[in-house]
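Subject: Structure for you to look at

Hi,

Here is the structure I promised to pass on. Have it open while you read, and my notes on it come right after.

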Amino acid sequence: MPRYRDLTHTAQPSSAPRVVEPKSSLRTTDPGVLQMLTMIQDRKTETVYDRVVAQQPQCTFGYNGICCRICIAGPCRIKKEDGPGSRGICGASAYTIVSRNLVRYIAGGTASHSEHARQLLHAAHALVEGRAPDYELKSPAKLLKLAEKLGLGTLGREDKEILQDVVELGYADFGRYQDRPLAFLDSFITEGRRRKFQHTNIMPRAIDGAVTEIIAQTAMGVDADPVNIIFGGLKTALADLAGSYIGTTLSDVMFGIPEPIVSEANLGVINPKMVNIAVHGHNPVLSEIVVAAARARQDDARKVGAEGINIVGICCTGNELLMREGVYLATSSASQEMAILTGALDAMVVDIQCIYPSVQTIAECYHTKVVTTELIMKIPGAQHIAFNPATALHDAQKLISIALEAYRQRDPRKISIPPERHKLVAGFSLEALRAIFANLCPERPISVLTEAILSGQLKGVALMAGCNNLKRLQDESHVNILKELVKNDVFVIATGCSAGAYAKFGLMSPLAVDAYAGAGLKSFLNTLEGANPQLSTGLPLVFHVGACVDNSRGMDLAIAMANELGVDIPKVPFVVSAPEAMHEKAIAIGTWAVTMGLPVHVGSLPPVEGSDLVYGLTTQIAHDVFGGNFIFEVEPLIGAAKLLDALEYRTWKLNIHQMTAEKHSTKVAQGW
Ligand code: BF8
Ligand code: SF4
């Protein structure tokens, strides 16, 4: 049992409804989307907000995770407490079925993140071999640091030689057969976690191997033991962390380490006078080149009567480009269709993940061209341009030409763009945060953060992550939890569609600090600003650390804090929240964060309630073994209260242990 004060003294969620207003299709709080929905009222376009309503009520067997479709003797459902209806046809119990379903989500998430990482490896490999003329190695400094962490030789070697070694080690991490830990994972975790993963036998040796193994482990008639299955899932989730870490680090090496940058967000960034191209999905390998190509073709836009080319981002491709290039963020996942409904989007270029197939259906009512670019991602009716790093600029030019041509077909009567747009400051890689802290303490930058927590100025750190899930209103949980945390002096970093929500709402701007931060957080940020006069951008209320793969940056920060404090991660006042989790990737991320020793709040319940045993493993036993645990709570304010409790408990205990260690000149106690 997690031993911090649980408001209900159980690990159960509150009785708040799991789906709010199930008959209302006005399922958003995003002001831009609300304006859009009003503007298009008479168009009778079906969107995701309508389809959520059409799916209600959703199947309770599925919701609780007690439906099994793993073999075609099924589907089997657990219908009764006892008797033959309490098991599947093969005799599988609820706990077997729930745990199998859960870890298969993790396998899906891990495969997704790792596919993303593999694309980066392929691009870096092509760069090393001279087959990717349009790419460069933008951050040799990051490459050197990464290579050193990985134990690779760097002295007197060319950057490309070093990159070659890094890429080879990355490829080896995907397919290793020897019983050695994943090199990328092993390179950045704490000694305490390394030992924990060895003792619990969950240190993965290969990313592809971990995914295959868990699918094999959960095939019909293999593992029936829920504990063994869950531990298999934890191993897979750690492979997901490794994949994410490869994705983040290689993106930084090739496209640059993000630095504070100003931009704007929400649908109002779509410009009626320009050729608008949305880049949507997750992979920066193509979208970075699209941005470069667009910058070079502004004149062509003028030839078709536009003022220029305006690239806007959606979802995590949007986050990647916002972080590095300052590209506007048009919207986040649940409202992706809205970008097309503005009638001013000329092309939507998509790569992988979180792309609704419905974007094509909607695009067919407009002039917008949807273009898919990856072999594993096509949509019937959409155009496909197979993207290849070797011909990147050429491919990107084709995409731009499609958009220029589409611009000519625009119907001005269909244009309705909500004016909503907000200024923001993004680009906070760990390196950027360190540099900001270093102006107060050059020797130990991270101590600026940990000292502020130990002194009580800050309550701790929260990583806000995850998607939109329309069981509740879009962005409502992200925004309400954030407001509660910052009011209580929590230093907040954000990724993915959570970061997207804050950007769209104007909460990622320095102006929001005065409006929402508690006194402690405000004075902390003011001190940082005072020490960083070079930062003309000012500091935001919440720090954008990137796309979903960049949750690895959040983990990197937690590790840096643990090292600074001389403890392992379960003692660090650091929590994670995915208020509107939806994707399998979010389940994989949440699971590795728990395994790394962090409390993880999830605002939309994964299907685990069909087995008390599995529910207990994830919310309680996990804490005993790893020091982290899931907190399932759909009501945002109660979720925030539970996160604050978890932080308070950690800070209180850490302070006592630190004081005791000082008094007796001993090491800080490591127990949690
Ligand atoms: O990887 S937060 S809805 S866009 S899965 Fe998808 Fe979720 Fe958004 Fe990015 Ni992440
Ligand atoms: Fe049913 Fe067992 Fe097949 Fe699952 S594996 S569908 S419980 S028979």
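Below is what turned up, starting with the two ligands and ending with some backbone and ring details. Keep in mind that this is a predicted model.

**Ligand 1**

The nickel atom of ligand 1 has C548 as its only protein donor, through SG at 2.1 Å. You'll find C548 in the loop that runs between β13 (542-546) and α23 (551-565). Why is the arrangement around the nickel atom irregular? The 4 donor atoms subtend angles of 95 to 140°, and a tetrahedral call would need all angles to lie between 85 and 135 degrees.

Around ligand 1 as a whole sit H282, C315, C316, S333, C354, G466, C467, C497, C548, M582, H583 and K585. Sorted by class, that shell comes out as 7 nonpolar, 4 polar and 1 charged residues. Domain 3 (261-414) and domain 4 (427-664) each put at least three residues into it.

Two side chains in this shell have polar atoms close to oxygen in the ligand. For H282, a polar side-chain atom is 2.6 Å from an oxygen atom of ligand 1. For K585, the distance from a side-chain N or O atom to an oxygen atom of ligand 1 is 2.9 Å.

C315, another member of the shell, has a slightly odd backbone: phi is near 55°, a positive value in a residue that isn't glycine. C315 belongs to helix α13 (residues 315-325).

**Ligand 2**

Which residues surround ligand 2? They are C68, I70, C71, G74, C76, G88, I89, C90, R100 and M220. By class, this shell has 7 nonpolar, 2 polar and 1 charged residues.

G74 from that list also takes part in a cis peptide bond, the one leading to P75, with omega near 10°. P75 is in the loop between β1 (67-68) and β2 (76-77).

**Elsewhere in the chain**

There is a cis peptide bond between Q56 and P57 too, with omega about -10°. P57 falls in the loop between α2 (48-54) and α3 (60-64).

As for aromatic rings, the count comes to 12 pairs. One of them is Y615 with F632: the ring centres are 5.6 Å apart and the planes are at 55°, so the pair is tilted. Y615 is in helix α25 (residues 612-626) and F632 in strand β16 (residues 629-632), so this pair ties together parts that are 17 residues apart in sequence.

Cheers

Definitions and conventions:
Residues numbered from 1 in each chain as written. Chains lettered and ligands numbered in written order. Predicted model: local features only at pLDDT ≥ 70, side-chain atom pairs only at ≥ 80, totals over all residues. Heavy atoms only, no water. Donors = N, O, S within 2.8 Å, 3.2 Å for Na, K, Ca; no water. Tetrahedral: all angles 85-135°; square planar, octahedral: opposite > 155°, others 65-115°. Helix = DSSP H or I, 4+ residues; strand = E, 2+ residues; numbered from the N terminus. Near = heavy atom within 4 Å. Polar contact = N/O pair within 3.5 Å; in protein donor to acceptor, adjacent residues only side chain to side chain. Nonpolar A, V, L, I, M, F, W, Y, C, P; charged D, E, K, R; others polar. Domains from an automatic or database assignment. Phe/Tyr/Trp six-rings, centres within 6.5 Å; stacked < 30°, edge-to-face > 60°.
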